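Reader: Please walk me through this model and tell me what stands behind each label you attach to it.

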Amino acid sequence: MTPERYRKLRAVLDKRQPDLTVLMENVHKPHNLSAILRTADAVGVYEAHAVNPTGGVPTYNETSGGSEKWVYLRVHPDIATAVQHLKERGFLVYAAHLSDEAVDYRAVDYTRPVAVLLGAEKWGVSPEAAALADRHIVIPMMGMVQSLNVSVAAAVILFEAQRQRQAAGLYDRVRLDPETYRRTLFEWGYPKLAALYRKEGRPYPELGPDGEVRAPTGGPAAG
Ligand SMILES: C[S@@+](CC[C@H](N)C(=O)[O-])C[C@H]1O[C@@H](n2cnc3c(N)ncnc32)[C@H](O)[C@@H]1O
């Protein structure tokens, strides 16, 4: 890793928001999933969530711009498990859902720990997910068509979250805990080496001031 690359990775990690995320409920089209992850990266989401009942790892396409490398994706077997996982970590779940109880997406607070729940392309948010959510939010529609493409809806909402968080100064200080920051920096900077350390069950080495690996005695080194 060059020193420039190291500085770029650090600048991005400095703005990551561990308490802002998306939960995609059966969003199955690769271009939609990819576009949502790309937006998630742009607003500083650290880890995204998906419900995929088939259990498989979702597939991406070129729409992602490679963002699947920078936003971790946690796949859950069902919506109840996903919501429980998030609520145990203090997240409020805002379902982007065109229901009678939905409020304008700009009327809710995104400076709190928030997961934006997005529904499937055809069926939308499931009744189970709608019931589990803390709030329902809607992007007002004034045209002939009832809904937006899911990745467009995600972008509109996530950039409102970014706007609120910017105003609250949440991008002005490092939000990741030091251990997560250190681990992620190594995984982003040295993905192959990180995989090797994980396979061997060894802790990641420290990085030097320009991002160079400081090999522990007897460990592999990379420049
Ligand atoms: C194409 S829409 C699904 C439409 C589906 N027929 C329905 O009735 O929900 C896919 C997802 O995008 C999000 N979405 C689309 N338009 C939206 C809007 N105007 N407000 C909030 N969310 C929206 C929702 O999460 C929705 O579940």
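**Labels and the numbers behind them**

Reader: Why is Lys 122 called exposed?

Author: Lys 122 has 8 other C-beta atoms within 10 Å. The label goes to residues with 12 or fewer such atoms, while 20 or more means buried and anything in between is partly exposed, with C-beta atoms placed from the backbone. A count of 8 meets the exposed cut-off, so Lys 122 is exposed. Lys 122 lies in the loop between strand 6 and helix 4; helices (H or I, at least four residues) and strands (E, at least two) are DSSP runs numbered from the N terminus.

Reader: What kind of model is this, and how are its residues counted?

Author: This is a predicted model, where local features need pLDDT of at least 70 and side-chain atom pairs count only at pLDDT 80 or more, whereas totals for chains, interfaces and linings use all residues. Residues are numbered from 1 along each chain as its sequence is written.

Reader: What makes Glu 121 partly exposed?

Author: Glu 121 has 15 other C-beta atoms within 10 Å, and that count falls in between the two cut-offs, so the label is partly exposed. Glu 121 sits in the loop between strand 6 (114-118) and helix 4. Beyond its neighbours within four places in sequence, Glu 121 is in contact with Val 27, Lys 29, Asn 32 and Val 150 (contact: C-beta atoms, placed from the backbone, within 7 Å). Asn 149 is 28 residues away in sequence from Glu 121, with a C-alpha to C-alpha distance of 7.3 Å.

Reader: Which residues does the UniProt "binding site" annotation cover?

Author: In the UniProt record, an unreviewed entry, the annotation takes in Gly 119, Ala 120, Glu 121, Lys 122, Trp 123, Ile 139 and Leu 148. UniProt positions follow the numbering used here, feature names are shortened, and annotations may be inferred rather than shown by experiment.

Reader: How many residues surround the ligand, and what makes a residue count as near?

Author: There are 15 around the ligand, the closest being Ala 96, Gly 119, Gly 124, Ser 147 and Ala 153. A residue is near if its C-beta atom, placed from the backbone, lies within 6 Å. The shell holds ten nonpolar, four polar and one charged residues. Nonpolar means Ala, Val, Leu, Ile, Met, Phe, Trp, Tyr, Cys and Pro, charged means Asp, Glu, Lys and Arg, and the others, Gly among them, are polar.

Reader: Is Ala 129 buried or exposed?

Author: Ala 129 is buried, because its 25 C-beta neighbours inside 10 Å exceed the cut-off of 20. Ala 129 belongs to helix 4 (residues 127-132). Its contacts, leaving aside neighbours within four places in sequence, are Glu 25, Ile 79, Ala 95 and Leu 117.

Reader: Why does Asn 26 count as buried?

Author: Asn 26 has 20 C-beta neighbours inside 10 Å, and 20 is enough, so Asn 26 is buried. Asn 26 also has a positive phi of about 60° although it is not a glycine, and it lies in the loop between strand 1 (20-25) and helix 2 (30-43).

Reader: What about Pro 30 and Glu 88: which label does each get?

Author: Pro 30, in helix 2, is partly exposed with 15 other C-beta atoms within 10 Å. Pro 30 and Asn 61 are 31 residues apart in sequence and 5.9 Å apart in space, C-alpha to C-alpha. Glu 88, in helix 3 (residues 79-88), has 8 other C-beta atoms within 10 Å and is exposed.

Reader: How do you know that the protein is as compact as a globular protein of its length?

Author: Let's start with its elements: the protein has seven helices and nine strands. The radius of gyration, taken over C-alpha atoms, is 19 Å, and the globule rule (2.2 Å times the number of residues to the power 0.38) gives 17 Å for 223 residues; the two values are close, so the description holds. Of these 223 residues, 35% count as buried.

Reader: Which domains does the assignment give?

Author: Domain 1 is 1-16 + 177-218 and domain 2 is 18-167, with bounds from an automatic or database domain assignment. Their C-alpha centres lie 29 Å apart.

Conventions:
Two residues are in contact if their C-beta atoms, placed from the backbone, lie within 7 Å.
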